[in-house]
Amino acid sequence: MTVREPLPTLRAMHLTCTWPGLLDATLVSDAITPHLQRAEPCAVHSIFESVLNLETRHGLITIGGPSVGPLPHGLSISRELDYRSLGLRSGQLVILERHRIRIPGSNFEIDLSAATPWSPRLPVISHRVAQARWRDRAADMRRLAAAAVRSRPGAGDGIGDLIDPDRSTPLGPVARLAGPRLERLAAAVCASDSMAAGVAAESLVGLGPGLTPSGDDALVGMAAAVTAMAVPGSFDATFLGAVAD
């Protein structure tokens, strides 16, 4: 009698699909608590080596291991996983519950009951202190950023050359375009002119190379600085909402 090797298809599956079983969440952002309290179904959005994104009606939830660190709109689990190896697929149903996340039809579950909640919000500091900090650090940060830009291949393709006050080479085409637009944005922000700031910001959206274009990176940095230095009732970065839309 010939003895056949048992279940070759299952052995092949084992090489590409490693089910982790019940996982423990270690950190859960306050930002996703409303999603969990609603206990509504969602779906797998995208799958990467180190993170898994879930899509709800109100935005994405990101799941990652210890090496990813705290996730502002997600949760951290206690183990490192390669999420590509779990056999998950985009669009797959996910059930969110107050203390558990599970994917029906799989052995993927996360226990949230012992997780530590944390807030991604930055502490509020006074306007005077914020301005002093930015002014004290601006020169040093500019020098560090300029040095980092110069050391990277293709640095002249974006707008990084605009950071360096000591540059000796001509600006690249993207930097030449972005320079006047950034100056108009800075002038509008200093004048607390939301309309002019919006027009200038819109001209930077999508400008330049990169997964996030250089102009978008500049707008994010500007928004962080304006938000950190704002006082209640003063000019802030809310105009960027309309620009993003």
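Let me start with E109, which at 24% relative accessibility counts as partly exposed in this predicted model, and whose salt bridge partner is R100, with the closest N and O atoms 3.0 Å apart. R100 is likewise partly exposed, since its relative accessibility is 27%.

The structure holds five salt bridges, and another of them pairs E49 with R84, where the closest N and O atoms lie 3.8 Å apart. That pair links distant parts of the chain, 35 residues apart, for E49 sits in the loop between β2 and β3, while R84 sits in the loop between β5 and β6. E49 is partly exposed at 48% relative accessibility, whereas R84, at 51%, is exposed.

A third example, between R143 and D140, has an N to O distance of 2.4 Å, and because these residues are three apart in helix α3, about one helical turn separates them. Here R143 is exposed, with a relative accessible area of 53%, and D140 is partly exposed, at 41%. Going back to E49 and R84, salt bridges with shared partners join these two and D82 into one network.

Helix α3, residues 127-150, also packs against helix α6, residues 214-229, at an angle of about 140° and with the axes 8 Å apart, so the two helices are oblique to each other. On the α3 side the contact is made by H127, A130, Q131 and W134, and on the α6 side by A224, A225, A228 and M229; six of the contact residues are nonpolar, two are polar and none is charged.

As for the whole protein, it has seven helices and nine strands, and 34% of its 245 residues count as buried.

How values were computed. Residues are numbered from 1 along each chain as its sequence is written. This is a predicted model: local features need pLDDT of at least 70, side-chain atom pairs count only at pLDDT 80 or more; totals for chains, interfaces and linings use all residues. Side-chain values use heavy atoms; hydrogens and water are left out. Axes are lines fitted to C-alpha atoms, for helices over the stretch in contact, and angles run from 0 to 180 degrees between N-to-C directions. Helices (H or I, at least four residues) and strands (E, at least two) are DSSP runs, numbered from the N terminus. Angles under 35 degrees count as roughly parallel, over 145 as roughly antiparallel, 65 to 115 as roughly perpendicular and the rest as oblique. Contact means heavy atoms within 4.5 Å. Ala, Val, Leu, Ile, Met, Phe, Trp, Tyr, Cys and Pro count as nonpolar, Asp, Glu, Lys and Arg as charged, and the others, Gly among them, as polar. Buried means under 20% relative accessible area, exposed over 50%, partly exposed in between (1.4 Å probe, protein chains only). A salt bridge is a side-chain nitrogen of Lys or Arg within 4 Å of a carboxyl oxygen of Asp or Glu.
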